[in-house]
Amino acid sequence: MFKLQLHWQILIAIAAALLISLPLSVSAEVFGISLYAVFDFVGTLFLRGLKMVVVPLVLASIICGVYGLGSGEHVGRLGGKTLGFYMLSSLLAICIGLAAVNISQPGIVDGEPAREQLNLSAPEELDGALDKVSGKSTEDIAGVFLRMLPTNIVDAAGDSNQLLAVIIFGVLFGLFMNKAGAKGRETLANFWQGVFDTMMHITMFIMKFAPIGVFGLVAKTAMATGVQSFIPLAVFFLTVVFALAFHMFITLALLLKTLGGVNPILHYRAMFPAMLTAFSTASSSATLPVTMDCLQKKAGVSNKTSSFVIPLGATVNMDGTALYECVAAMFIAQAYGLDLSIAQQFMVVLIALLTSVGVAGIPSASLVAIAIILGAIGLPLEGIGLLLVTDRVLDMMRTAVNVFSDSCCAVIMAKAEGETGVLAPNDEIKPEHA
């Protein structure tokens, strides 16, 4: 029997929710049962399931990922330069997203927070968040660094406001697992891999109910606000598209020119099939063979370099995803009326950078990462439901950016390693170091 993929199920759920709920009022009932209450229950249940998996999934994912890189001395020269480029490009992408969302302010409508238009929590429910971000200054950045090291990791794991500390603990644990004895290292590696695999199955199980959860979240919002709720979402959508385009066609092009000394136009032309595949599949992993083929046959990058840089990038380098996480979190904060300080925005940037590495390879990674960011700045998760309305198209776009960034790194690393024939302006490119 033909089975629709999850993203098509979600799109159908969104369309059905709009068709059913827009003509209805909040007071609509069936057999004496409030439809709004039913939709609210379904959506909240889905968000609670998502929140349940955040800590164990992220912790196990980061520990396994950092451990897999090996100890510092074994990462090697190429590995160090590759990771350095990935951190740089992701950081630049996040900063572009942060600048774009602060300029366009999609969460502000006519000078007022779009909370009511988006049917978000009432202000009195956010007293804790308001207290948390009020009166902050640049000096408070020191407090962000202090909160990276928890005094009690168990307490931090149970507090959504301390998820940054959990991430840092995971990075340190994975790094120093490589220093343990052979027997202990193997035991720990098997344990955390088992935890990660189990949490992946639980996450995939929860995501099977995503269409139902999305239906409830969208229907609840549409019943309460009507079509006006989609005005801020349209501005948010355009903000993300502009930021992604700027990073892909300006930032990465400048990196290719300055760090690699190559013509960016030749690289765009060489990688077009891979970008098209990434856009249509919304999967970096599925695009991996096409990316490798384009790099080796059209860009002239050796198999030695591309076979190391691209699989690593598909795991840890998510420029488009990191940018999207930042814009999404700031959009929701604006909609709630929270004026985030420099310290709070710095925390958003830092968590977006870390989670783009730590949770990049999991299903619906952006949802988990945004949940972490919202928890860190004291906001409820209900805003995530709004993002799902535009998520599919944006997912396709940010995946194309992710893949293109990986390919840029491969070209720059190939040039740094002295390979000849990289992006040579001729039809037949044969890499010297195959």
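A residue counts as buried under 20% relative accessible area, as exposed over 50%, and as partly exposed in between. Keep that scale in mind for this tour of a predicted model.

**Start with the whole chain.** Show the protein chain as a cartoon and you will find 17 helices and four strands. Switch to a surface view: about 19,100 Å² is exposed, with carbon and sulfur atoms supplying 66% of that area. Of the 434 residues, 52% count as buried. If you draw the contacts with a separation of 6 or more, 83% of them join residues 24 or more positions apart.

**Next, select helix H10.** This helix covers residues 230–260, and Phe246 is found in it. Is Phe246 buried, partly exposed or exposed? Its relative accessibility is 36%, so Phe246 counts as partly exposed. Now add Phe242, Phe249, Ile250 and Leu254 to your selection: together with Phe246 they form a nonpolar patch on the surface. The accessible area of these residues together is about 510 Å².

**Then move to helix H8.** Select residues 182–207 and pick out Ala189 within this helix. Here the relative accessibility is 16%, and therefore Ala189 counts as buried. Which residues does Ala189 contact, leaving aside its neighbours within four places in sequence? Show Tyr67 and Met177 as sticks, and you have them.

**Finish with a distance.** Draw a line from the C-alpha of Ala189 to the C-alpha of Gly174: it spans 9.0 Å, while the two residues are 15 apart in sequence.

Notes. Residues numbered from 1 in each chain as written. Predicted model: local features only at pLDDT ≥ 70, side-chain atom pairs only at ≥ 80, totals over all residues. Heavy atoms only, no water. Helix = DSSP H or I, 4+ residues; strand = E, 2+ residues; numbered from the N terminus. Buried < 20%, exposed > 50% of the residue type's maximum accessible area, 1.4 Å probe, protein only. Contact = heavy atoms within 4.5 Å. Areas by Shrake-Rupley, 256 points an atom, 1.4 Å probe, with all protein chains shown as cover. Patch = residues over 30% accessible without salt bridge, like charges linked within 9 Å, V, L, I, M, F, W, Y side chains within 5 Å. Salt bridge = Lys/Arg side-chain N within 4 Å of Asp/Glu carboxyl O.
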